[in-house]
Amino acid sequence: MAREPQPGDRATGLGSWPGTEPGEAARTIVGELPGLPYVPELPARGVGADMVGRTAGLLVDLAVEVWPSGYRVARRPGGDHRRAVELLARDVDALDEALGEAGATPPAVKCQVAGPWTLAAGVELRSGHRVLTDRGALAEFAASLGEGLRTHVGELTRRTQAPVVVQIDEPTLPAVLAGSLRTPSGYGTVGAVPGAEARTLLAGAVTAARQAGAAEVVVHCCHPTPPLALIGATGPDAVAVDVGALGGARDAQRSGAGPVDAVPKDVLDALGELWEGGTELWLGIVPSTDPSAGAELGDLARPALDLADRLGFDRARLADRAVVTPTCGLAGASPAWARRATSTTVELARAFADPPDSW
């Protein structure tokens, strides 16, 4: 039986982890994140272990192979595709085994998949053009991903006996909308996708995740200018952002500005509308790579506190309508910092529920 939720449960990671040992990663994640552990991603293992490759391994009746230019649609599943499927299966096994060893049934577990636009931008057709340039292929990939999610979420639910949160990663969506992705020649760019079309396909992925059995769906975009209004219109339960990167805020901080002083008004307005409308915010505020200086809890909390203040919300909202995360995946961190960053997200979630007097 799952235990009662606690304040520290409102913390998690965004997916990737350093190293190549899924068992070790899963044990650390389960130990440090009792409220919302997740299926570890270990991209250092190479082909099939990165965001696009592991999501391609979920596809039903579609396969990919590796070319010098990247992932490409294959006529039939070969060694590259089987590797992606097997690596993901090991990651699920590792989470299941770590939960069993700990005797834990968490309130929820999480998995991560590349969203339809990021997937379609990261896989080529046999012609060498990106999948997103062919509307028929794009629709086929989106439908296949939905079917794959049904199997994946069902297996996670059965094996962990916990509700499953699905995180849809769309780091490439801003480039898709801006028309800045390169063509195979490298001399041109793929035409910009209209916002309405982008919204419709992403909304379909959110719906497919729910139909697959997801208890909650989160859309994550760590780009400095995430299309927040578009993402919000697709109906997710939560939107995940890197607070320090918004609008170039991290660069501004190096020049002495406050944590959210440089965030453009339109970005703040979009965040405020999401939060006010009931969408949770997953706030990336813990460094995802080893910091050069000490990481004091109060300093790490400051961007979230300032964000609530700037948006005109009571800071108590951080305790019940926000989730604390690292700024991005932890694949680039040292193992020691990955563990420390993960435990720090839990400490911050607890502190938002019971803030120190100094805050």
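Helices (H or I, at least four residues) and strands (E, at least two) are DSSP runs, numbered from the N terminus. The model is predicted, so local features need pLDDT of at least 70 and side-chain atom pairs count only at pLDDT 80 or more, while totals for chains, interfaces and linings use all residues. Residues are numbered from 1 along each chain as its sequence is written, and side-chain values use heavy atoms, with hydrogens and water left out.

**Exercise 1. Place P18 and find what lies across from it in space.**

Step 1. P18 belongs to the segment before α1.

Step 2. Its relative accessible area is 11%, so P18 is buried; the term stands for under 20% relative accessible area, with exposed over 50% and partly exposed in between (1.4 Å probe, protein chains only).

Step 3. The C-alpha atoms of P18 and A333 are 6.3 Å apart, although 315 residues separate the two in sequence.

**Exercise 2. Describe helix α5 from its start to the residue that follows it.**

Step 1. Helix α5 covers residues 135-160, 26 residues in all. From first C-alpha to last it reaches 37 Å, close to the expected 38 Å, where the expected span is 1.5 Å times one less than the number of residues.

Step 2. At the start of α5, a side-chain oxygen of D134 comes to within 2.9 Å of the backbone nitrogen of G136. This is a polar contact (a pair of N or O atoms within 3.5 Å; within protein, one must be able to donate a hydrogen and the other to accept it, and residues adjacent in sequence count only if both atoms are side-chain atoms).

Step 3. The buried residues of α5 include L138, F141, L145, L149, H152 and L156. An α-helix has 3.6 residues a turn, so residues three or four places apart point the same way.

Step 4. Q161 follows α5 and is found in the loop between α5 and β5 (164-169). Q161 has a positive phi of about 55° although it is not a glycine. Most residues other than glycine have a negative phi. At 59% relative accessibility, Q161 counts as exposed.

**Exercise 3. Examine D61 in the same manner.**

Step 1. D61 sits in the loop between α2 and β1 (63-67).

Step 2. The phi of D61 is positive, near 65°, in a residue other than glycine.

Step 3. With 76% relative accessibility, D61 is exposed.

**Exercise 4. Work through three salt bridges and one network.**

Step 1. The structure holds 17 salt bridges, each a side-chain nitrogen of Lys or Arg within 4 Å of a carboxyl oxygen of Asp or Glu.

Step 2. One of them joins E280 and R10, with the closest N and O atoms 2.6 Å apart. The pair links distant parts of the chain, 270 residues apart: E280 is in strand β8 (residues 280-286) and R10 in the segment before α1 (22-32). E280 is buried at 8% relative accessibility, whereas R10 is partly exposed at 21%.

Step 3. R72 and E124 form another salt bridge, at 2.8 Å from N to O. R72 is in strand β2 (residues 70-74) and E124 in strand β4 (residues 123-124), so the pair ties together parts that are 52 residues apart in sequence. Both R72 and E124 are buried.

Step 4. D306 and R302 meet in a salt bridge of 3.5 Å, N to O. Both lie in helix α11 (residues 297-311), four residues apart, or about one turn of the helix. D306 is buried at 18% relative accessible area, and R302 is partly exposed at 29%.

Step 5. Salt bridges that share partners join E41, R45, R54 and D91 into one network.

**Exercise 5. Characterise T55 and T28.**

Step 1. T55 is in helix α2 (residues 51-56) and is buried, with 1% relative accessible area. The side chain of T55 reaches the backbone nitrogen of A114 at 2.8 Å.

Step 2. T28 is in helix α1 and is buried, with 8% relative accessible area. The C-alpha atoms of T28 and P40 are separated by 10.0 Å, and the two are twelve residues apart along the chain.
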